[in-house]
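Open the model in your viewer and keep the sequence panel visible. This tour goes from one selection to the next and says what is found at each stop.

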Amino acid sequence: MKKILIVDDEPNIVMSLEYTFKKNNFEVFIARDGQEALDTLQNQQPDIIILDVMMPMVDGYSTLEQIKKNPALENCKVIFLSAKNKEQDIEKGLALEANLYITKPFSLKKLVEQVQELLN
């Protein structure tokens with residue numbers, strides 16, 4: 001079973017992503033901000049992380065920088081899922097080596113397809 005970490009401070013998004021990925025046979029972990037995500041990653045090694053950019057405590061960009069420093073997570077894929085949709089925001093996310101940058105609003109069906117593609 002593939003593992004996914006969902007990092008977002010918006011409860012409705014977290015609930016819909018959690019439900020959708022569990023239905024698609026993923027083991028789902030939830031973090032509501034970057035610090036909680038980093039804490040979770042000390043004990044878990046997900047196959048993929050869906051990461052919001054704008055969050056309290058530690059934002060998504062800083063979280064990804066920390067993830068990239070962890071050799072145990074070098075094979076972990078990261079998708080930014082953010083309302084920040086300016087070209088410079090997207091470029092920054094991709095420059096930090098995110099595998100994908102998806103802007104909100106988004107299609108759950110398409111997101112699941114993109115996750116499956118990244119993991120194949």
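The stops below cover a buried aspartate, two nonpolar cores, a helix pair and some backbone details. Keep in mind that this is a predicted model.

**Stop 1: D8**

Select D8, in the loop that runs from strand 1 (2-7) to helix 1 (11-23). Is D8 buried or exposed? Its relative accessibility is 2%, so D8 counts as buried, the cut-off for buried being under 20%. Now show side chains and add K104: a polar contact of 3.0 Å joins the side chains of D8 and K104. Apart from residues up to four places away in sequence, D8 touches I13, V14, A31, R32, D52, M55 and K104.

**Stop 2: the largest nonpolar core**

Next select L5, V7, I49, L51, L64, I67 and F80. Within the largest nonpolar core, which has 22 residues, these seven touch the most other members. At least two core residues each come from strand 1, strand 2 (26-31), helix 2 (34-40), strand 3 (48-51), helix 3 (60-68) and strand 4 (77-82). Which element gives the largest share of this core? Helix 3 does, with three residues. In soluble globular proteins, nonpolar side chains tend to be buried together.

Stay on V7 for a moment. Neighbours within four places in sequence aside, V7 is in contact with A31, D33, G34, A37, I49, I50, L51, D52 and M55. A31, D52 and M55 are also among the residues that D8 touches.

A second core, separate from this one, has 18 residues; L17, L81, I102 and L119 are among them.

**Stop 3: helix 1 against helix 5**

Show helix 1 and helix 5 (residues 108-119) as ribbons. Two packed helices are described by the angle between their axes and the distance between the axes. Here the axes come within 11 Å and cross at roughly 55°. Helix 1 and helix 5 are therefore oblique to each other, and the crossing is right-handed. To see the contact, select S16, L17, T20 and F21 on helix 1, then L108, L111, V112 and V115 on helix 5.

From that set, pick T20, which lies in helix 1. T20 has a relative accessible area of 11% and is therefore buried. Leaving out residues up to four places away in sequence, T20 touches L108 and V112.

**Stop 4: backbone details**

Switch to a backbone view. Most residues other than glycine have a negative phi, and most peptide bonds are trans. Three places to check are listed here.

- P105 sits in the loop between strand 5 (100-103) and helix 5. The peptide bond leading from K104 to P105 is cis, with omega near -5°. K104 is the residue whose side chain makes the polar contact with D8.
- N25 is in the loop between helix 1 and strand 2. Although not a glycine, N25 has a positive phi of about 65°. With 55% relative accessibility, N25 counts as exposed.
- E97 is in the loop between helix 4 (87-95) and strand 5. Its phi is also positive, near 75°.

**Stop 5: C76**

Finish at C76, found in the loop between helix 3 and strand 4. C76 counts as buried because its relative accessibility is 5%. How far apart are the C-alpha atoms of C76 and Q45? They are separated by 7.6 Å, while the two residues are 31 residues apart along the chain. Setting aside neighbours within four places in sequence, C76 is in contact with P46, D47, I48, I49 and N99. Of these, I49 was already selected at the core stop.

Note on methods:
Residues numbered from 1 in each chain as written. Predicted model: local features only at pLDDT ≥ 70, side-chain atom pairs only at ≥ 80, totals over all residues. Heavy atoms only, no water. Helix = DSSP H or I, 4+ residues; strand = E, 2+ residues; numbered from the N terminus. Buried < 20%, exposed > 50% of the residue type's maximum accessible area, 1.4 Å probe, protein only. Polar contact = N/O pair within 3.5 Å; in protein donor to acceptor, adjacent residues only side chain to side chain. Contact = heavy atoms within 4.5 Å. Core = buried A, V, L, I, M, F, W, Y, C linked by side-chain atoms within 4.5 Å. Axes fitted to C-alpha atoms, helices over the stretch in contact; angles between N-to-C directions. Parallel < 35°, antiparallel > 145°, perpendicular 65-115°, else oblique. Left-handed = near helix turned anticlockwise from the far one by under 90°.
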